[in-house]
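Q: Got a minute to go through this one with me? I'd like to start with the strands, then move on to the pockets.

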Amino acid sequence: MGYRVAVVGATGNVGREMMNIIEELNFPVDEMHAIASRKSRGVEVSFGDRTLKCQDLEQFDFSTVDVVLMSAGGKVSREWSEKIGKAGPIVIDNSSTFRMDPDVPLIVPEVNPDDIKLATKKNIVANPNCSTAQLVVALKPLHDAARITRAVVSTYQSVSGAGKEGMDELWTQTKAIYGLGDATPKKFPKQIAFNVIPFIGSFRDDGYTDEEAKMWDETHKMLDPSIKLTVTCVRVPVFVGHSESVTVEFDRPITPEEAREILREAPGVLVIDKREADGYITPVDAAGEHAVYVSRIRKDHTVQNGLSLWVVSDNLRKGAALNAVQIAQLLDETGMIKPKSGYRTITV
């Protein structure tokens, strides 16, 4: 016996990854429904050894399923998530639409699992921004050990964070630069191949972008509103995997050795930190993996109680699809949906 599950946005990068991870973790599924827009009706997607044909979002009866994983963008979520929740299933929403809604829990299971009890208010659980998810997994155990007072974060975000169009543009521009096509930017505001773009999202009046604001707003909601956090988000020519340079100030001294030991025991974290030419993790190393990797742990000599870290994770996995499936597991384990057996929880 298992759940009746629907994945909305099943033809997208994250939707496909959600179905892959549900299968990998043996989450108990009796029925899997691939849902997409009308133009994608009938498109085939894989679920394990099965091939599913996408069903039309507007025609599907959501009262027939238990859990809905929503990954079709903010516009679709605004229109559909509350309607679906009222029909009965719990919606795990990957967009930013409900993240700051006080009646919707924003969950990273390694960080704030107890907040899942709020899920029945609207039958919606929000999945955080991809960069925030990996950041708070790394910060949570350190914050528990020595309270974080301030953090400075610079992100190096892969083009897959902008969807298939972003990945296609990097591929097309890379070829074009060698004389095989047009390198004119379409998805991104400037050339992404062999370049970095210090702009993701849209500018706010204060000069920050909404992507940067998401990171501090979501960190405050999930971890601690008293942490002072400043962020610069940068798009880089990497297909999969987000990286972050993180400098943290604490309310008491904490050594790099102590931080390594704390992080080695933390759920969801793998420490790869050797003072060797290859003793750290890069996005290529993290692609396809479940963990949040922490490297380059060292003292920040410019402040009294400071450390600097390098944090890397697969943004399509822990930053999106994996975290959504772990939320489904948490709903099952806590009885928010009727518990079933037959799957293994993820350990890293």
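A: Sure. One term before we start: two strands pair if DSSP finds at least two bridges between them. And keep in mind that this is a predicted model.

Q: Fine. What stands opposite V8?
A: M70, in strand 6. Strand 1, residues 3-8, pairs with strand 6 in the parallel sense, over four bridges.

Q: What's the strand order in that open sheet?
A: The order is 5-2-1-6-7-8, six strands with parallel pairing.

Q: Which strands stand at the edges?
A: Strand 5 (55-56) and strand 8 (124-126). Each has a single partner strand, so one side of each is left without a neighbour in the sheet.

Q: Any antiparallel pairing to look at? What does strand 11 pair with?
A: Strand 9, residues 148-157, pairs with strand 11, residues 242-250, in the antiparallel sense over eight bridges. Strand 11 also pairs with strand 14, residues 306-313, again antiparallel and over eight bridges.

Q: Give me some register. Which residue is the bridge partner of A151?
A: V248 in strand 11. On the strand 14 side, H242 stands opposite S313.

Q: Switching to annotation. What does UniProt's "binding site" cover?
A: Q157 and R235, according to the UniProt record, which is an unreviewed entry. They span 79 residues in sequence, yet no two of their C-alpha atoms are more than 4.8 Å apart, so they gather at one spot. Both Q157 and R235 are in the lining of the largest pocket.

Q: Take Q157 first. Buried or exposed?
A: Q157 is buried, at a relative accessible area of 1%. Q157 lies in strand 9.

Q: What does Q157 touch?
A: Leaving out residues up to four places away in sequence, Q157 touches S131, I200, E211, C233, V234, R235, V236 and H242. So R235, from the annotated pair, is in that list.

Q: And R235, buried or exposed?
A: R235 is buried, with a relative accessible area of 7%. R235 lies in strand 10, residues 228-235.

Q: What are the contacts of R235?
A: Beyond four places in sequence, R235 touches residues including Q157, S158, G161, A162, F188, N195, I200 and H242. R235 and P198 are 37 residues apart in sequence but 6.4 Å apart in space, C-alpha to C-alpha.

Q: Back to that pocket. How much space lies in the largest pocket?
A: About 1,400 Å³. The lining has 48 residues, and G73, G161, A162, G163 and K187 lie nearest the centre.

Q: How do the lining residues of the largest pocket divide by class?
A: Into 18 nonpolar, 20 polar and ten charged.

Q: Which elements supply at least two residues of that lining?
A: Helix 1 (13-24), strand 2 (29-36), helix 2 (74-87), helix 4 (164-180), helix 5 (210-222) and helix 8 (317-333).

Q: Now closed space. How many cavities of 30 Å³ or more does the structure hold?
A: One. The largest cavity has a volume of about 30 Å³.

Q: What lines the largest cavity?
A: V5, I22, F27, V67, L69, V325 and A328. Strand 6 (67-70) and helix 8 each give two or more residues to that lining. By class, the cavity lining has seven nonpolar, no polar and no charged residues.

Key: Residues are numbered from 1 along each chain as its sequence is written. This is a predicted model: local features need pLDDT of at least 70, side-chain atom pairs count only at pLDDT 80 or more; totals for chains, interfaces and linings use all residues. Side-chain values use heavy atoms; hydrogens and water are left out. On a 1 Å grid over the protein atoms alone, a cavity is a set of points where a 1.4 Å probe fits but cannot get out, and a pocket is an open set with protein on both sides within 12 Å along at least five of seven lines; lining residues have an atom within 4 Å of a point. Grid points are joined across faces, edges and corners, and a volume is the space filled by probe spheres set on the points. Ala, Val, Leu, Ile, Met, Phe, Trp, Tyr, Cys and Pro count as nonpolar, Asp, Glu, Lys and Arg as charged, and the others, Gly among them, as polar. UniProt positions are given in the numbering used here, feature names are shortened, and annotations may be inferred rather than shown by experiment. Buried means under 20% relative accessible area, exposed over 50%, partly exposed in between (1.4 Å probe, protein chains only). Contact means heavy atoms within 4.5 Å.
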